[in-house]
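Trainee: Could you take me slowly through a single part of this model, the part where charged side chains pair up? I would like one connected explanation that I can follow with the structure open.

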Amino acid sequence: MKFRTMLLASAAVMFTSSAFAADITNPFFLPTQGKFLSDTSVEFSRYKSDNGTFEGVSKDIYASETLSFGLTDNLAIVGSIGNTFDYDKDYRLNNDHNFDYMLGVKYNHNFGKVLTQVGAYYWTADAQSFYGQDYGTRDDENGSRWDKEVGGYVQLGYDMGCGLTPYTSLSLDSQIDQSSRDLSYSWFVGAHKMFDKVSVDGGFRYDFGHDTDNEGEEWYVEASANYFVKDNFTVGAYGEYYLGGNDRKDVEYDYTIGLNAKVLF
């Protein structure tokens, strides 16, 4: 009887471990039905430009919490709240309470080892909180109290069966509170690799757009690394660096580094 009880307990432990055995840092991962995935992050960004007559420097600290919930094993809703802190007191921000909000949906469908994911989102923020009550009075601003964007993406990858997943994604977004409704695009090509207790991800991002403020092209390199404290809990670091572009030639540097933690429950 004791031996049977031991076997049942061992099986229960194995089942619990296998339930969280998936790579929660994989770009195609979604929580299964009834599960939550929490992604908490804080990041530091710094930017400097110099066109010979004017030098601009900015620093930002941004923190966010993103929560995904599995409606089915392949469909999840996603919600996020973030805040931009007034780290650089000489910068343009009005205070430390600069929240933005996002609500979206993600869907996976696999064709054998070919992985696909599509998603859509709605994002909004109170611009007057960021910039003060005089926001919207200048000709180059839309005058709306809330900034609003909608966007979507498609992602395609291939599971090579050794923990390696090369993938690519194409996303677009539009500011729907502006009359022009211009679209901006972003294309990413990279790969994700899972080891025993560590996962790494990296690639190149190409941003291009049709709006009047972003007619050119921009290139970035991105990288991240995560350590599995448990099968359902990871801590990691990530970053991106601006490589160049044809309409930001005065940029001396533009980079972001961050820390994050993911929990599946």
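Mentor: A salt bridge is a side-chain nitrogen of Lys or Arg within 4 Å of a carboxyl oxygen of Asp or Glu, and the model in which we look for such pairs is a predicted one. Side chains of opposite charge can pair when their charged atoms come close. The structure holds 4 salt bridges, and a good place to begin is Glu222, which forms one with Arg205, their closest N and O atoms lying 2.5 Å apart. This pair links distant parts of the chain, since Glu222 sits in strand β10 (residues 217-230) and Arg205 in strand β9 (residues 198-209), 17 residues apart. Arg205 counts as buried because its relative accessible area is 13%, under the 20% that marks the limit for buried residues, whereas Glu222, at 24% relative accessibility, counts as partly exposed.

A further partner of Arg205 is Glu240, with which it forms a salt bridge whose closest N and O atoms are 2.8 Å apart. Here too distant parts of the chain are linked, for Glu240 belongs to strand β11 (residues 233-245) and Arg205 to strand β9, with their positions 35 residues apart in the numbering. Glu240 has a relative accessibility of 26%, so it counts as partly exposed. Arg205 also forms a salt bridge with Asp207, where the closest N and O atoms are 3.1 Å apart, and both Arg205 and Asp207 are buried.

Taken together, Glu240, Glu222, Asp207 and Arg205 are joined into one network by salt bridges that share partners.

How values were computed: Residues numbered from 1 in each chain as written. Predicted model: local features only at pLDDT ≥ 70, side-chain atom pairs only at ≥ 80, totals over all residues. Heavy atoms only, no water. Buried < 20%, exposed > 50% of the residue type's maximum accessible area, 1.4 Å probe, protein only. Helix = DSSP H or I, 4+ residues; strand = E, 2+ residues; numbered from the N terminus.
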